[in-house]
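Student: I should like to go through this model with you and ask, at each step, what justifies the words that are used. May we begin with the helices?

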Amino acid sequence: MGGEGEGKEGIGSGRQNYRVAIVGNPNCGKTTLFNELTGARQKVGNWPGVTIEKKTGFLNINHNIRAEIIDLPGIYSLSAYSLDERIARDYLLKEKPDAIINIVDASNLERNLFLTTQLLELEIPMVIALNLMDAAEKKNLKIDVDILSSHLHLPVVPVVALKGQGVEATVEAVKEVILGRWHKKNAMVTFGADGEKKLADVQELLKESATRLKLPLRWLAVKLFEGDKEYELLLENKELRDRINEYKEKVVKIVGEDTETIIADYRYGFISGLVKEAVKVTADIRITLSEKIDAVIASRILGIPFFALVIFLMFKISIDFSQPGIDYIDSLFASLIDLINNVLVNLHAPAWISIILVNGVIGGTGTVITFVVPIALVFFFLSFLEDIGYLSRGAFVMDRLMHWMGLPGKAFIPLILGFGCNVPGILATRVMEDEKDRLITILINPFMSCGARLPVYIMIAGAVFAQNVGTVVFSLYAIGIAMAIIVGLVFRKTILKGPSTPFVMELPPYRLPTLKGILMHTWENVWSFIKRAGTLIVAIILLLVIIGYLPVGVTPNSKDSVLGKIGTAIAPVFKPQGFADWKASVALFTGIFAKEAVVGTMAALYGVEEKNSSGNPETKSINGKDTLKERIARDFTPLSAYSFLLFILLYSPCVATMGAIAKEAGLKWAIFSVLFNITVAYIISMAVFQIGTLIQKLL
Amino acid sequence: MKISMDQLLPGEKATVLQIYAAGDLRQKLLAMGLLPGVEIELIRVAPLGDPLDFKLRDFHLSMRRSEARNIIVERNNHHGWRGRRKRRHWKWQTKL
Ligand SMILES: Nc1nc2c(ncn2[C@@H]2O[C@H](COP(=O)(O)OP(=O)(O)O)[C@@H](O)[C@H]2O)c(=O)[nH]1
């Protein structure tokens with residue numbers, strides 16, 4: 001009977017809710033199948049105690065069976081080395097889901113089945129979703145699903161997640177196993193007559209421990225045989241540990257290999273036998289389409305130019321395409337503000353209400369919504385590059401450079417994510433094993449110019465550098481990257497000395513992404529931006545509007561207001577940088593709360609002042625955007641504007657980023673990061689402005 | 001002749017003999033199926049000379065020279081350049 005596994009406790013209790021975990025290698029189509037199974041009913045959160053994303057969703061199998069689907073991190077094995085692997089392993093063994101859907105890439109069976117052979121030992125009912133059947137067909141592989149099924153003793157369902165094929169059959173198979181209608185016990189890889197005898201002895205020794213730790217006996221024995229660090233620590237009995245080690249040493253002496261290799265060898269041996277039987281190669285293709293593409297875009301000559309082109313296009317398109325959207329939303333909010341102002345005037349509402357409501361709440365919301373367009377485009381691009389498989393090529397092409405900075409290729413992803421927002425960028429350093437590598441990647445992340453800084457560049461560069469906005473913005477991104485490299489190197493050579501970690505990374509074949517998958521990923525990021533940053537921004541703008549209005553009676557946002565006094569006090573500090581203007585100082589001050597607040601602040605300071613100086617606050621001809629641009633252009637020279645932009649690029653990370661750094665590296669490093677970055681920004685802006693002024697004088 | 005894996009030229013195939021790596025790296029290589037006896041091919045070198053793109057068990061794995069140095073292999077064909085030309089030839093054939 002298949003009912004002995006501990007994962008089946010749900011049957012007897014008559015429970016209607018089941019938990020089903022999705023497990024598979026990275027890039028096997030996990031996300032795609034997860035989306036197909038759960039539709040839009042998803043919840044994104046974190047694994048307890050760590051910041052790795054946890055996605056869950058619901059699937060109604062029939063009207064009285066509901067399954068909660070848990071998406072586990074993509075992993076190659078169940079060792080205890082990486083955090084992702086530990087999360088997956090802990091979930092499977094401690095939470096004991098009712099079933100596992102093991103997604104296996106049919107076009108890459110051998111390597112994917114390695115994980116499967118480990119999952120079999122967990123004694124949890126399991127279904128294999130043999131995904132990417134179309135890709136396997138293209139490789140001229142003919143896979144006999146029945147042979148796989150009969151050898152593994154598991155239901156095996158051919159799936160093309162991309163087209164939704166086989167999804168229903170997967171659900172059906174899951175239903176069969178959770179209801180206990182699959183009457184076969186999981187197959188196990190055996191480790192040779194001699195090995196099995198030794199393993200049986202070890203299992204005998206471990207019986208009590210396995211019960212106490214609630215772990216499957218064979219699994220525990222195999223893992224301890226491999227020398228699994230985590231489980232060794234769980235055995236409190238030193239004598240037991242020594243006896244297991246004796247067994248290990250005996251085997252090592254006989255075979256002449258370490259136990260880890262022997263076990264992996266048996267697993268792959270089992271897989272090779274299975275694949276030989278189940279898979280027919282109908283025609284030999286030596287070079288796949290992916291390889292042909294890589295021969296061009298990852299080649300020695302074109303690799304770097306192509307990568308630079310991709311990144312350049314990404315930002316060029318994100319900026320230029322979002323401009324009409326931003327303008328449209330701007331004008332929409334301008335008319336909304338006019339409309340509400342009119343209503344309020346007709347109602348004879350007091351002035352402070354219109355200031356708080358119109359300038360603060362509605363103006364602030366409008367500001368947040370204008371960011372959504374460029375940020376969505378950036379994330380759209382990133383998701384596309386990730387799904388199609390190019391991000392790993394980026395890591396391949398750029399690794400030497402990363403290595404030269406003393407960082408592993410893995411650092412490339414958190415840094416690239418930093419372009420969207422430094423907060424997920426910093427959180428993504430969780431995939432890095434080495435503490436020093438991680439710390440450096442965290443500390444240089446704020447130099448990667450995040451999406452929130454983009455609207456600031458667009459507003460100021462748009463006002464001052466009419467024709468060259470794209471180029472100016474690109475140069476800022478480039479300088480940010482250069483600073484990250486330099487600072488990373490300096491840290492590696494000074495405060496964070498140490499060797500870097502191994503770099504072993506799969507280059508998955510290129511795959512056509514789905515629009516749905518990309519859009520869902522984009523939306524998740526945009527939504528979390530609105531939720532996390534949006535409320536903060538509106539709150540800050542509201543606060544600014546209020547302190548700009550106080551003390552009662554002053555001209556709002558004038559030099560005499562509380563806000564103006566703060567700005568006036570800070571301003572002289574920025575004389576060497578060329579923007580010793582109180583409005584710029586206020587904007588920098590608020591920018592620490594959230595980089596995008598610079599836009600709101602400047603809009604408030606320049607926009608409202610225009611209305612006041614015209615002496616007629618109700619004049620409808622004032623188009624907020626144009627006058628704003630003109631006024632900004634009047635206050636800045638191209639040189640001082642560039643110096644200001646550089647300062648914004650480099651200075652203190654925003655509050656949310658500080659929080660992320662404090663969470664991942666400790667408060668000490670967050671404070672360090674703030675002070676260090678402000679110093680760097682101060683020096684660089686000063687150098688650029690002073691040298692620029694000198695050159696202008698000489699010409 | 002035994003050489004370390006980083007000494008292969010693009011297009012050369014070899015059989016893995018020994019892995020002198022420990023801990024994290026060793027475990028990762030084993031999970032990827034890089035075991036004694038498996039055949040690997042060096043496909044290309046990254047633009048800046050490192051890392052390397054290897055093919056084994058029908059998938060691509062990239063690693064740095066410093067990691068590849070820990071893996072001892074034996075060449076399957078002794079003519080790296082000829083091997084490479086053969087690959088080129090194949091490319092055209094599959095295209096036609
Ligand atoms: N051709 C094909 N592509 C697929 C299939 N399933 C997923 N993909 C694509 O493979 C890529 C990686 O899929 P994803 O679900 O993100 O994989 P994950 O990394 O395992 O979550 C995406 O570009 C998908 O569109 C499939 O069955 N056939």
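Student: Which residues of helix α13 (residues 289-297) of chain A are buried, and what makes them line one face of the helix?

Tutor: The model is a predicted one. In α13 of chain A the buried residues are A:Ser290, A:Glu291, A:Asp294 and A:Ile297. Viewed down the axis of α13(A), these buried residues fall within an arc of 140°, so they line one face of the helix. An α-helix has 3.6 residues a turn, so residues three or four places apart point the same way.

Student: Which residues are buried in α2(A), and what follows that helix?

Tutor: The buried residues of α2(A) are A:Lys30, A:Leu33, A:Phe34, A:Asn35, A:Leu37 and A:Thr38. After α2(A) comes A:Gly39, with a positive phi near 60°.

Student: What part does helix α2 (residues 30-38) of chain A have in the shell around the ligand?

Tutor: Helix α2 of chain A supplies the largest share of that shell, three residues. The ligand has 17 residues around it, and those that come nearest are A:Lys30, A:Thr31, A:Thr32, A:Asp134 and A:Asp387. By class, the shell divides into seven nonpolar, six polar and four charged residues.

Student: How do you know that the backbone of A:Asp387 makes a polar contact with the ligand?

Tutor: A polar contact requires a pair of N or O atoms within 3.5 Å. A backbone N or O atom of A:Asp387 lies 2.8 Å from an oxygen atom of the ligand, so the pair meets the cut-off. For A:Asn27, a backbone N or O atom is 3.1 Å from a ligand oxygen, and a polar backbone atom of A:Leu512 is 2.9 Å from an oxygen atom of the ligand. The ligand on its own has 580 Å² of accessible area, of which the protein covers 90%.

Student: Why is A:Asn422 called buried, and which polar contact does its side chain make with another side chain?

Tutor: Buried means under 20% relative accessible area; A:Asn422 has 3% and is therefore buried. A:Asn422 belongs to helix α18 (residues 422-427) of chain A. The side chain of A:Asn422 makes a polar contact of 2.6 Å with the side chain of A:Arg453. A polar atom of the A:Asn422 side chain also lies 2.8 Å from the backbone oxygen of A:Asn445.

Student: Why is there no bond between the sulfurs of A:Cys654 and A:Cys450?

Tutor: A disulfide needs two cysteine sulfur atoms within 2.5 Å. The cysteine sulfur closest to that of A:Cys654 is in A:Cys450, at 6.4 Å, and this is too far for a bond. Over all chains the count of disulfides is zero. Both cysteines are buried: A:Cys450 has a relative accessible area of 6%, and A:Cys654 has 14% relative accessibility.

Student: Is B:Glu12 buried or exposed, and where is it found?

Tutor: B:Glu12 has a relative accessible area of 2%, so it counts as buried. B:Glu12 is found in the loop between β1 (2-4) and β2 (13-19) of chain B. A polar atom of the B:Glu12 side chain lies 2.7 Å from the backbone nitrogen of B:Leu9.

Student: What makes the peptide bond between B:Asp50 and B:Pro51 noteworthy?

Tutor: The bond joining B:Asp50 and B:Pro51 is cis, with omega about -5°. Most residues other than glycine have a negative phi, and most peptide bonds are trans. B:Pro51 is placed in the loop between β3 (39-45) and β4 (52-56) of chain B.

Student: Which value of phi does B:Asp58 have, and why is this residue called partly exposed?

Tutor: B:Asp58 is not a glycine, yet its phi is positive, about 70°. B:Asp58 is partly exposed because its relative accessibility is 40%, and that term covers values between 20% and 50%. The loop between β4 and β5 (59-63) of chain B holds B:Asp58. In chain A, A:Asn140 also has a positive phi, about 60°, although it is not a glycine. A:Asn140 lies in the loop between α5 (133-138) and β7 (141-143).

Technical notes: Residues numbered from 1 in each chain as written. Chains lettered and ligands numbered in written order. Predicted model: local features only at pLDDT ≥ 70, side-chain atom pairs only at ≥ 80, totals over all residues. Heavy atoms only, no water. Buried < 20%, exposed > 50% of the residue type's maximum accessible area, 1.4 Å probe, protein only. Helix = DSSP H or I, 4+ residues; strand = E, 2+ residues; numbered from the N terminus. Arc of directions from axis to C-beta. Near = heavy atom within 4 Å. Polar contact = N/O pair within 3.5 Å; in protein donor to acceptor, adjacent residues only side chain to side chain. Areas by Shrake-Rupley, 256 points an atom, 1.4 Å probe, with all protein chains shown as cover. Nonpolar A, V, L, I, M, F, W, Y, C, P; charged D, E, K, R; others polar.
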